[in-house]
Amino acid sequence: IFSLGFVQVSSHSPMAKFMAMPPLASLLLMVGLILHTSEGLMPTEPVPAAYARIETCSGCRLNHLPKVRNFVHVVSKEFPALTVKFIGGKSPTLMLFDQDDTLVAETDISSLDEAGIEGLLAKFSITRETPRFSGLGVQTEHCVAWRQTGNCDPNGPREEQFDLGCKRSVPSGLSGYCECKGGARAQEVGCEHPSSSAPPPARSSPAMEWICSSLCASLPSSLCPLPSA
């Protein structure tokens, strides 16, 4: 045991082993830890992603990052497979997911410009040509899909091309309903409703994330039968 200032450190402790490293080795280790912390989850070899999401505050820090702000508000609209989710106090973060909705990469993009963010997306095969990912192939025990409708009316004309899978978050601004197994609907809404960042005003279920798999699982099967053809 030896003393480090006012703290006694065992010769077998991780701190002692770190201090015994050559200066260059300890410096490289510290840099690696800093990069791991700042970059988040970044695989050594990028894998193709099915879709991406940017989570960021809507003002404050974002207003001091004009290039990131321009990408979020303007350029992102050119990428069908990319969505933006505004979260108060959130540093601009890029998240990439595979077809099973598993997070494969996550990194802070505060220091990047528009070209840098686009280049990072391209490394994970997300480009302007990458189609919108619906996730429709993924059903759950209680859920079939999110069924989108037009005219901001849950009973309006169907818009099949905008349907979403059971595990996809339904953003605000859409109208429709969750089609549940057993012939039931959940969360019939017009265009104004919360996204997954806030609990929805579910008429027959407790507040929860705006994801059809969760809503269908909590909805009594006797409610809201689907209309006959």
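The paragraphs below walk through the aromatic contacts and the disulfides of this structure, which is a predicted model.

A good place to begin is with the aromatic rings, where the count of pairs comes to three. The rings of Tyr51 and Phe97 have centres that lie 5.0 Å apart and planes that meet at 10°, and because planes under 30 degrees apart count as stacked, this pair is a stacked one. Along the chain the two partners are distant, since Tyr51 belongs to strand β3 (residues 51–56) and Phe97 to strand β5 (residues 93–97), with their positions 46 residues apart. Tyr51 has a relative accessible area of 5% and is therefore buried, the limit for that term being under 20%. Phe97, with a relative accessibility of 7%, counts as buried by that limit.

Tyr51 also forms a stacked aromatic pair with Phe133, with 5.2 Å from centre to centre and 10° between the planes. Phe133 is found in the loop between α4 (114–123) and β7 (143–149), while Tyr51 lies in strand β3, so this pair ties together parts of the chain that are 82 residues apart in sequence. Phe133, like Tyr51, is buried. Taken together, ring pairs join Tyr51, Phe97 and Phe133 into a cluster.

Charged side chains meet aromatic rings here as well. The ring of Tyr51, already part of the cluster, has the charged end of Arg168 sitting over it, at 4.1 Å from the ring centre. A further arrangement of this kind involves Tyr177, whose ring has the charged end of Arg185 over it, 3.9 Å from the centre.

From the rings we turn to the cysteines, among which there are four disulfides. One of them joins Cys143 to Cys166, with a distance of 2.2 Å from S to S, and the angle of -95° about the S-S bond makes this link left-handed. Cys143 stands in strand β7 and Cys166 in the loop between β7 and β8 (175–180), so that the disulfide connects distant parts of the chain, 23 residues apart. Cys143 has a relative accessible area of 0% and is buried, and Cys166, at 0% relative accessibility, counts as buried too.

Another disulfide is formed by Cys152 and Cys191, whose sulfur atoms are 1.9 Å apart, and this link is left-handed, with -95° about the S-S bond. Because Cys152 lies in the loop between β7 and β8 and Cys191 in the loop between β9 (184–189) and α5 (212–218), the pair ties together parts that are 39 residues apart in sequence. The two ends of this link fall into separate classes of exposure, for Cys152 is partly exposed at 45% relative accessibility, whereas Cys191 is buried at 14%.

A disulfide also joins Cys178 to Cys212, S to S 2.0 Å, and with -75° about the S-S bond it is left-handed. Here a strand is linked to a helix: Cys178 lies in strand β8 and Cys212 in helix α5, so the pair ties together parts that are 34 residues apart in sequence. Cys178 is buried, as is Cys212.

The overall pattern of the disulfides can be given by numbering the bonded cysteines of the protein in sequence order, which yields the pairing 1-3, 2-6, 4-7, 5-8. A last cysteine to look for is Cys57, which has a relative accessible area of 6% and is buried.

Methods:
Residues numbered from 1 in each chain as written. Predicted model: local features only at pLDDT ≥ 70, side-chain atom pairs only at ≥ 80, totals over all residues. Heavy atoms only, no water. Phe/Tyr/Trp six-rings, centres within 6.5 Å; stacked < 30°, edge-to-face > 60°. Helix = DSSP H or I, 4+ residues; strand = E, 2+ residues; numbered from the N terminus. Buried < 20%, exposed > 50% of the residue type's maximum accessible area, 1.4 Å probe, protein only. Lys NZ or Arg CZ within 6 Å of the ring centre and 35° of its normal. Disulfide = S-S within 2.5 Å.
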